[in-house]
Amino acid sequence: MATTWLATGSAPAKLCFHNSSKSAARGGFSWILCSATNPRSLTISAAATSAEHTECAAVPREQVEVIRSLNGWVAENMLPLLAPVESSWQPHDFLPCSAAAGAGGVSEAEALASFTEGVAQLRAGAAGVPDDVLVCLVGNMVTEEALPTYQTMGNRSEGASDDTGVSSLPWAQWLRGWTAEENRHGDLLNRYLYLSGRVDMRQVETTVHHLLRNGMEMLMPSSPYHSVIYGAFQERATFISHGHTGRLAGQHGDQALAKICGAIAADERRHEAGYSRAAARLFEVDPDGMVRALAHVMRGKVTMPGLLMSDGRDAACGDGTLFERFSAVAERVGVYTARDYGDLVEHFVRRWRVAELRGLSGEGRRAQEYVCGLPPKVRRLAELAHKRAARSEARPVQFSWIFDRPVMPG
Ligand SMILES: [Fe+2]
Ligand SMILES: [Fe+2]
């Protein structure tokens, strides 16, 4: 997850959830499909995002108790999904060895020559990656690097947090283990980009700094039901976006980057399995609470973890926020699209058998009907946006990450 709701995770959704004044007056939220060709049409901006939108409603005590009661289940069904440290990959496995001399039998000169050769090979592969794919890679990396924010979010989840920092409760072990695996994603992408010589590393680092300072907003940060649902969505979204980025890198001749993205995507898939299983279990234990939470998450303003990214130059750019420009490029390149989002919604509605839930309250039935009707609506919006994008004339947008070279948005 970087996207514990969807944290973790990182891929930008092209579907924005917008609290329009009209729908808000009815107490509801509307979905706005962001036009890929007109970033200005995006309805969520850093300036518009504020704490006033975040609901801090108390989490029902019975939901916290349900979560606590699942600790044994988490130990049996989620913790085994975390890879043992001894058999886990580490970022250095994918990068030129920086200290071959330390292994013995190799002189410092030989080690340096080997490292230099490795860097040259990495740069030769990276040279073929187009700017638009590079922008997507940087956006994904920046989002991964804001991991402290996502772990903090996870610790706000009542009943599933790590209250002591060393808690032996399975939910806490999952959160720490998940964080440790996620930490490698930002590290690896960061080092690859640094060695590639293709990006303005200082601008990329400045963006990470801003994103960590700006934070992220969640609809109900203390609700464990919301967090588990968000986690499942976000992990699947990041699996898709890293996977697509790796495929594109391979097509352009960078097999090293393809491997890197593939390893990260495989992690995201395991994480998705964890959150998705947890949500499925919660649907069995408390179907009414979960379907209402799912509808709430879907109706609400879903904040993507990288939404508040900034390179410090957004105001001078005049082409929308950095996240909007990044999302538009990701849509056009095919790293993460509105169609992907539609697939995601449909996948989870099926995976959690939402249509088959029985014994619901009136509110639960309304939530069920709403959620089951979403996939076709999302698809229609995606198609409309696609057609609109095909009709309109896009103009290039600049990214300081790549020395202000222009790339075409969606
Ligand atoms: Fe993940
Ligand atoms: Fe990740």
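Reader: How far does helix α14 reach from its first C-alpha to its last?
Author: First, this is a predicted model: local features need pLDDT of at least 70, side-chain atom pairs count only at pLDDT 80 or more, and totals for chains, interfaces and linings use all residues. Residues count from 1 along each chain as its sequence is written, while chains are lettered from A and ligands numbered from 1 in the order written. Helices here are DSSP runs of H or I, at least four residues long, numbered from the N terminus. Helix α14 covers residues 338–351, 14 in number, and its reach is close to the expected span (1.5 Å times one less than the residue count), at 20 Å.

Reader: Which residues of α14 are buried?
Author: Buried means 20 or more other C-beta atoms, placed from the backbone, within 10 Å of the residue's own; 12 or fewer is exposed, and in between is partly exposed. In α14 that gives Ala338, Asp340, Tyr341, Gly342, Leu344 and Phe348.

Reader: At what angle do α5 and α9 pack?
Author: Axes are lines fitted to C-alpha atoms over the stretch in contact, and angles run from 0 to 180 degrees between N-to-C directions. Helix α5 (residues 131–145) and helix α9 (residues 224–251) have axes 10 Å apart. Their packing angle is about 145°.

Reader: Which residues in α9 does α5 meet?
Author: Contact means C-beta atoms, placed from the backbone, within 7 Å. From α5 come Val133, Cys136, Leu137 and Asn140. Their partners in α9 are Ser241, His242, Thr245, Leu248 and Ala249.

Terms used: Helix = DSSP H or I, 4+ residues; strand = E, 2+ residues; numbered from the N terminus. Contact = placed C-beta atoms within 7 Å.
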